[in-house]
Amino acid sequence: MSSTEEAKRLEEKLKQFETKDDGKGNMRALVPYDPIEQRKRNLVLDEERFEDTFLKCLICRESYDDDEKVPKMLPCHHTFCLDCLQQMFRVEGEFRQTLTSAFRSMPVAVKISCPTCRDSIIASAMEIKKLPNDHTVLELVAFIKHIGKAKVSYCSKHQMQPLNFFCEPCMQPVCCDCTVIDHKEINGHVVISVDAAMKKYSPAIDKTLCEIDSEKKSLEDKRHALEKAFDNVEQIQRELAVQIRQTFDRIRDSVDERERELFEISEREIDRKRTMLRDCMKMVTSRETELKQQTAKLSQTKDNKDLVNMFDFNKNARECLETKPEIPVSKSSEDFAVSFQFNSRQENSVRQNIANFGDVTFKFD
């Protein structure tokens, strides 16, 4: 930024803090411009970049700690973690072993070069472990671990400017540059600090959160009630299925029992009729035999012109005809079939009753 633009920007800031008329005849004295306070407001700390630069080992890019990643300071005042320095010692010692057969084991001391400035030291494994800790880094690590990382929001319009203020009419957070360019108090904007805005609007947020928690509790109760209702519905379905099945099983048992009774009645009546027919058949057969005998005798005497016996045989034949047995058989075979028809007069009524049988009623509480 050029010096002309910087001067213009400073002039805008100074004008904002002059005494102004509020439009109602009252003079309003604003807080004078404080350059030191303003510089504090403009101070921005990029925590991610700060941690990458000062709190992470430049070799393995892992954060320092007080265990394996202890920050050790070399004589050149550059700092690396103990684990990386020990690994450098092992790599250098293995390399020395490959150069000559004089070293059958790891050398006691090797030369290690600083990865940053290339200054070298000759040290043993114990001397590397006894290198001084970088207490500044350890204190920073402990401090960051204690306070945690702060999430800083930056202005989308003015780069690297934190949103430290809040414009009430616009209801949005703004940065320091926004307060003197886009959200001037002379234009009706009322700008307060983020802390003041949080203190002022937190009760409304807390009220909303309380109402949300209340509704969530209500929804939780309803959810439990619905889950219980689901379980009850499943239980009711099983009970209804059992009741319906048992009812129709009883009906089927009654129908099957009635079917067996009708079969037994029909078989009994058919057997009785069959016995009667056999008796009638015997009577018919016996009568046929008797008539054949009479016919043979009469025909024979007639053919032989036996007048002595012809009249006696004729008399016997007439007596046989006069003693005709009573055989209860109708000439029509249809009468026999009709007398054994099954009467299903209540079939339609029963089927209608079954079609409308039973009912399931539901009651919702």
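These legends accompany several close-up views of a predicted model.

**Figure 1. The chain as a whole.** This predicted model has 365 residues in the chain, and 16% of them are buried. The chain contains 11 helices and 9 strands. Its exposed area is about 28700 Å². Carbon and sulfur atoms supply 54% of that area. Of the contacts between residues at least 6 apart in sequence, 45% join residues at least 24 apart.

**Figure 2. The largest nonpolar core.** This core holds 18 residues. Cys 57, Leu 74, Phe 80, Leu 85, Ile 112 and Ile 128 touch the most other members. At least two core residues come from each of strand 4 (79-81), helix 4 (82-99), strand 5 (109-113) and strand 6 (120-124). Helix 4 gives the most, with 4 residues.

**Figure 3. Close-up of Leu 85.** Residues up to four places away in sequence are not counted here. Beyond them, Leu 85 touches Lys 72, Leu 74, Phe 80, Ile 112, Ile 128 and Leu 131. Leu 74, Phe 80, Ile 112 and Ile 128 also appear with Leu 85 among the core residues that touch the most other members.

**Figure 4. A second nonpolar core.** Another core lies apart from the largest one. It has 8 residues. Among them are Phe 165, Cys 167, Cys 178 and Val 191.

**Figure 5. The salt bridge between Glu 168 and Lys 200.** The closest N and O atoms of this pair are 2.4 Å apart. Glu 168 sits in the loop between strand 7 (165-167) and strand 8 (172-174). Lys 200 belongs to helix 8. The partners are 32 residues apart, so the pair links distant parts of the chain. Glu 168 counts as buried because its relative accessibility is 16%, under the 20% limit.

**Figure 6. Lys 217 and Asp 221 in helix 8.** These two residues form a salt bridge, with the closest N and O atoms 3.1 Å apart. They are 4 residues apart in helix 8, so about one helical turn separates them. Asp 221 has a relative accessible area of 40% and is therefore partly exposed.

**Figure 7. Asp 271 and Arg 274 in helix 8.** A salt bridge joins this pair, and the closest N and O atoms are 2.5 Å apart. The residues lie 3 apart in helix 8, so they too are separated by about one helical turn. Asp 271 counts as partly exposed, at 39% relative accessibility. Arg 274 is also partly exposed, at 35%.

**Figure 8. A network of salt bridges.** Side chains of opposite charge can pair when their charged atoms come close. Here Glu 62, Lys 69 and Asp 83 are linked in a network of such salt bridges. The structure holds 14 salt bridges.

**Figure 9. A nonpolar patch on the surface.** Ile 205, Leu 209 and Ile 212 make this patch. Its area is about 260 Å². Ile 205 lies in helix 8, which spans residues 194-304. With a relative accessible area of 49%, Ile 205 is partly exposed. That value falls between the limits for buried, under 20%, and exposed, over 50%.

Methods. Residues are numbered from 1 along each chain as its sequence is written. This is a predicted model: local features need pLDDT of at least 70, side-chain atom pairs count only at pLDDT 80 or more; totals for chains, interfaces and linings use all residues. Side-chain values use heavy atoms; hydrogens and water are left out. A nonpolar core is a set of buried Ala, Val, Leu, Ile, Met, Phe, Trp, Tyr and Cys residues joined through side-chain atoms within 4.5 Å. Buried means under 20% relative accessible area, exposed over 50%, partly exposed in between (1.4 Å probe, protein chains only). Contact means heavy atoms within 4.5 Å. Patches are made of residues with over 30% relative accessible area and no salt bridge: like charges are joined within 9 Å, nonpolar side chains (Val, Leu, Ile, Met, Phe, Trp, Tyr) within 5 Å. Accessible areas come from the Shrake-Rupley method with a 1.4 Å probe; for residues, only the protein chains shown count as cover. A salt bridge is a side-chain nitrogen of Lys or Arg within 4 Å of a carboxyl oxygen of Asp or Glu.
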